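Biologist: I would like a close look at a single part of this model, with the packing of the helices taken slowly and set within the chain as a whole. Could you take me through it in one connected account?

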Amino acid sequence: METVEDVTRMRLVGGNLALDFVNTRSGPPDGTPDDDVLTGYPELIAWGVYAGALTEAEATALRRLSRDDPGGARHALRRSLRTRDDLDDVFRALATGGSPGTSALARLRDDEADALGHAQLDRADTFVWTWRDDHTLARPLRPVVHAAVQLLTTGALDRIKGCGGCRFLFNDESKNRSRRWCSMDDCGTTEKIRRYVAARRTRATR
Ligand SMILES: [Zn+2]
């Protein structure tokens, strides 16, 4: 069973909050995921703090709210996981050169409308959407959904890629768009070792 601690061991390599949310499931590049850190509402809150979507004060308030309304928390988790499926479909399609499904996009629009309905415009350098007065159990997902729509509407779609070694998605912010791995310390290293071993084997059989 995953613990809240496992959530904070996830690597945030997506370069975008929505892609990091998709990356809460791990596994091989193709096929079904073999691990998921979002096993309960407390894990969703912990991930939100870890990924920068929630402040500690917001997390404390949400923990209290979810204890008072366990049914509501279960529903909020189910909705969050459905949104994650939609984001997975949309961004994985783009990463592989395909087109996202229209029903996933329609649900994402509804989620964004709901998110903005609970947001306010706060002044930073420019005005930004914030959710500091949103005291609903859906609060953790608001900035995730908004980040997804921002990436779709203002990002460079050809920078959205899937790791060559695992199912993680990332926004390739490298200058020459050459990033292939979620992380050089992880899948990148595995690939370098694989190539090294293969090259040695080739030399040995010559
Ligand atoms: Zn990887």
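Modeller: Of the 206 residues of the protein chain, 44% count as buried, and I should say at once that this is a predicted model. The C-alpha atoms fill a box of roughly 70 × 40 × 35 Å along the principal axes, and the chain holds eight helices and six strands, which follow one another from the N terminus in the order α-α-β-β-α-α-α-α-β-β-α-β-β-α. Among contacts between residues at least 6 apart in sequence, 57% join residues at least 24 apart.

The part I would look at closely is the packing around helix α6, which covers residues 102-117. This helix has 16 residues and reaches 22 Å from its first C-alpha to its last, close to the 22 Å expected at 1.5 Å a residue. Its buried residues are Ala104, Leu108, Asp111, Glu112 and Ala115, and, seen down the axis of α6, they fall within an arc of 100°, so they line one face of the helix. An α-helix has 3.6 residues a turn, so residues three or four places apart point the same way. On the other side of α6, Thr102, Arg109, Ala113 and Gly117 are exposed, whereas the buried residues pack against α5 and against α7, the helix of residues 142-154.

A useful residue from which to view this packing is valine 90, which lies in helix α5. Valine 90 counts as buried because its relative accessibility is 1%, under the 20% cut-off. Leaving aside residues up to four places away in sequence, valine 90 touches Pro100, Ala104, Leu105 and Leu152; of these, Ala104 is also one of the buried residues of α6. The C-alpha atom of valine 90 is separated by 9.4 Å from that of leucine 108, a residue 18 places away along the chain, and leucine 108 likewise belongs to the buried set of α6.

Helix α5, residues 70-95, also has a part in covering α4, since what covers the buried residues of α4 includes both α5 and α3, the latter spanning residues 41-51. Helix α4 itself (residues 56-68) has 13 residues and reaches 19 Å from its first C-alpha to its last, close to the 18 Å expected at 1.5 Å a residue. Its buried residues are Glu58, Ala59, Leu62 and Ser66, and, viewed down the axis of α4, these lie within an arc of 95°, so they line one face of the helix. The face turned away from that buried side carries Glu56, Ala57, Arg67 and Asp68, which are exposed.

Further along the chain there is a zinc ion, whose protein donors are the SG atoms of Cys163, Cys166, Cys182 and Cys187, lying 2.3 to 2.4 Å from the ion. These donors follow the spacing C-x2-C-x15-C-x4-C along the chain, and the site is tetrahedral, with angles of 105 to 115° among the four donor atoms. Cysteine 163 counts as buried at 5% relative accessibility, as does cysteine 166 at 11%, and cysteine 182 is buried with a relative accessible area of 4%. The structure holds zero disulfides.

Conventions. Residues are numbered from 1 along each chain as its sequence is written. This is a predicted model: local features need pLDDT of at least 70, side-chain atom pairs count only at pLDDT 80 or more; totals for chains, interfaces and linings use all residues. Side-chain values use heavy atoms; hydrogens and water are left out. Donors are N, O and S atoms within 2.8 Å of the metal (3.2 Å for Na, K and Ca); water is not among the atoms, so sites may look incomplete. Four donors count as tetrahedral if all angles lie between 85 and 135 degrees; four count as square planar and six as octahedral if opposite donors are over 155 degrees apart and all others between 65 and 115; anything else is irregular. Buried means under 20% relative accessible area, exposed over 50%, partly exposed in between (1.4 Å probe, protein chains only). A disulfide is a pair of cysteine sulfur atoms within 2.5 Å. Helices (H or I, at least four residues) and strands (E, at least two) are DSSP runs, numbered from the N terminus. The expected span of a helix is 1.5 Å times one less than its number of residues. The arc is that of the directions from the helix axis to the C-beta atoms. Contact means heavy atoms within 4.5 Å.
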